[in-house]
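This report goes through one structure, beginning with a single residue and ending with the whole chain.

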Number of protein chains: 2
Amino acid sequence: MSKNLRFGLLVFPNITQLDMTGPLQVFSFLPGAEVHLLWKNTDAVQSDGVLSITPTTTFADCPQLDVICVPGGYGTDALMDDAEVLDFLRRQAAGAQYVTSVCTGSLVLAAAGLLDGYRAATHWSAVEALALFDVTVSRERVCIDRNRMTGGGVTAGIDLGLTIIARLLDRQAAETIQLRMEYNPAPPFDAGSPETAPAAVLAVMEDRFRTARQQRMDLVRQIRAGRPSRPD
Amino acid sequence: MSKNLRFGLLVFPNITQLDMTGPLQVFSFLPGAEVHLLWKNTDAVQSDGVLSITPTTTFADCPQLDVICVPGGYGTDALMDDAEVLDFLRRQAAGAQYVTSVCTGSLVLAAAGLLDGYRAATHWSAVEALALFDVTVSRERVCIDRNRMTGGGVTAGIDLGLTIIARLLDRQAAETIQLRMEYNPAPPFDAGSPETAPAAVLAVMEDRFRTARQQRMDLVRQIRAGRPSRPD
């Protein structure tokens, strides 16, 4: 049923763990799937929330994947300028069936040039940073453009994971996993996007994100300015 | 804002990691929250899906928690008869503001006697096992009965986490986390419960669960039969 599909999720310091653990649960519920947690080495990385994550596979040992997925979190800032990470993603993307991301993971794909000329989604707070790349920003929860599949913030990774399974296999395979995960969400409030959140709630988050957001914009501008002088 | 609230999530071999990582992300996004991943020792435990999880705090070192949460997964079978785990939960429950679970975690709370005379939820495939205890089974996604808060399967942990925050603090605190997590779910299919899943999809999962489900029923019956002879 799963054709021994190979999934790889990037893990890194300061990852938002649910960006990764959502699609991980989807992939690992697929019978026969091979799932890798990927980093430069196999030393545990600290997420942004208590959980430390032990990579299972190094970049060097990673086989060609069917699906590569880059989760998000503040840690993606450092990855946007990390040649080892970007080279690994470009290498895998060349042979993968789907090149995917959750949340601010799309900034890393963009920094690798893998979203040039594509539509892509990201966390609502990173829309303007993603727009600095040659990317058409989408506000869809799961954005599909050819073989690039990018999700919105954090919890969008579950919807993305199920969408990937449906594309790679079929609808029933995805529905079976959805049933196992009892994924019939019932958020107690309707504050899950800037469009629906109460103004006071949005103001709190805008305020909390302000400095990090400005730093990210500066960083992307530096990276973009530096690009013309690259050997490529 | 968070009054230095203390949250503890049980981790154990063969846990379904998303049962735990969903509410963990909610709790760890609460500014100032103290969050513990709890087990008998701090050796990594293997989840049911690739991720190994390193406990942060042993039972012996755990301070009194405001919220204790027991996630689910096949690993809960072994916990239902584990005196060290059940004793720890009873000790914490006596002083906690909320005693909570996700998925089959409610079977462990029930085995500890902590749901006697309460309404409680569980994964759809564990309803008949939970009903063998002195519990009124609820099919709500998040079931609240006095200070017991129990969730349905796997992904219900996110809804549960937000509900806990709203109860402990206020609605705005929960909404702020919901916005940060961009939790406006959009499942690509409507197969998230036995009531909505296509018959063929339900049949696949019923078939896959059959043996484990029968074993669990036998185990619960043994535990229930053994109870009268216990010193308590």
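In this predicted model, Val204(A) is partly exposed, with a relative accessible area of 24%. Here buried means under 20% relative accessible area, exposed means over 50%, and partly exposed lies in between (1.4 Å probe, protein chains only). Val204(A) is found in helix α8 of chain A; helices (H or I, at least four residues) and strands (E, at least two) are DSSP runs, numbered from the N terminus. Not counting residues up to four places away in sequence, Val204(A) touches Gln172(B) and Thr176(B), where contact means heavy atoms within 4.5 Å.

Residues are numbered from 1 along each chain as its sequence is written, while chains are lettered from A and ligands numbered from 1 in the order in which they are written. For this predicted model, local features need pLDDT of at least 70, side-chain atom pairs count only at pLDDT 80 or more, and totals for chains, interfaces and linings use all residues; side-chain values use heavy atoms, with hydrogens and water left out.

**Helix α7 of chain B**

Thr176(B) is one of the buried residues of α7(B), as are Ala173(B), Ala174(B) and Ile177(B). The helix covers residues 171-180 of chain B, and eight of its ten residues are buried, so it is largely enclosed by the rest of the structure. Its buried residues pack against α8 (199-226) of chain A, and also against α1 (17-28) and α6 (156-168) of chain B.

Ile165(B) is in contact with Ala173(B), Ala174(B) and Ile177(B), among others, leaving aside its neighbours within four places in sequence. Its other partners include Phe7(B), Val26(B), Phe27(B) and Leu30(B). Which residues have the most contacts inside the largest nonpolar core? They are Phe7(A), Ile165(A), Phe7(B) and Ile165(B), in a core of 150 residues. A nonpolar core is a set of buried Ala, Val, Leu, Ile, Met, Phe, Trp, Tyr and Cys residues joined through side-chain atoms within 4.5 Å.

**Buried residues in a strand and in loops**

Ser101(B) is found in strand β7 (residues 98-101) of chain B. Its contacts, not counting residues up to four places away in sequence, include Cys69(B), Val70(B), Met149(B), Thr150(B) and Gly151(B). Val154(B) has a positive phi of about 40° although it is not a glycine. Phi of Glu182(B) is near 45°, also a positive value in a residue other than glycine.

| Residue | Location | Relative accessible area |
|---|---|---|
| Ser101(B) | strand β7 of chain B | 0%, buried |
| Val154(B) | loop between β11 (148-151) and α6 of chain B | 3%, buried |
| Glu182(B) | loop between α7 and α8 (199-226) of chain B | 5%, buried |

**Chain A as a whole**

The secondary structure of chain A comes to eight helices and eleven strands. Its radius of gyration is 17 Å, close to the 17 Å that the globule rule gives for 232 residues, so chain A is as compact as a globular protein of that length. The radius is taken over C-alpha atoms, and the rule is 2.2 Å times the number of residues to the power 0.38. Along its principal axes the C-alpha trace spans about 50 × 45 × 35 Å.

Of the 232 residues in chain A, 63% are buried. Among contacts between residues at least 6 apart in sequence, 66% join residues at least 24 apart.
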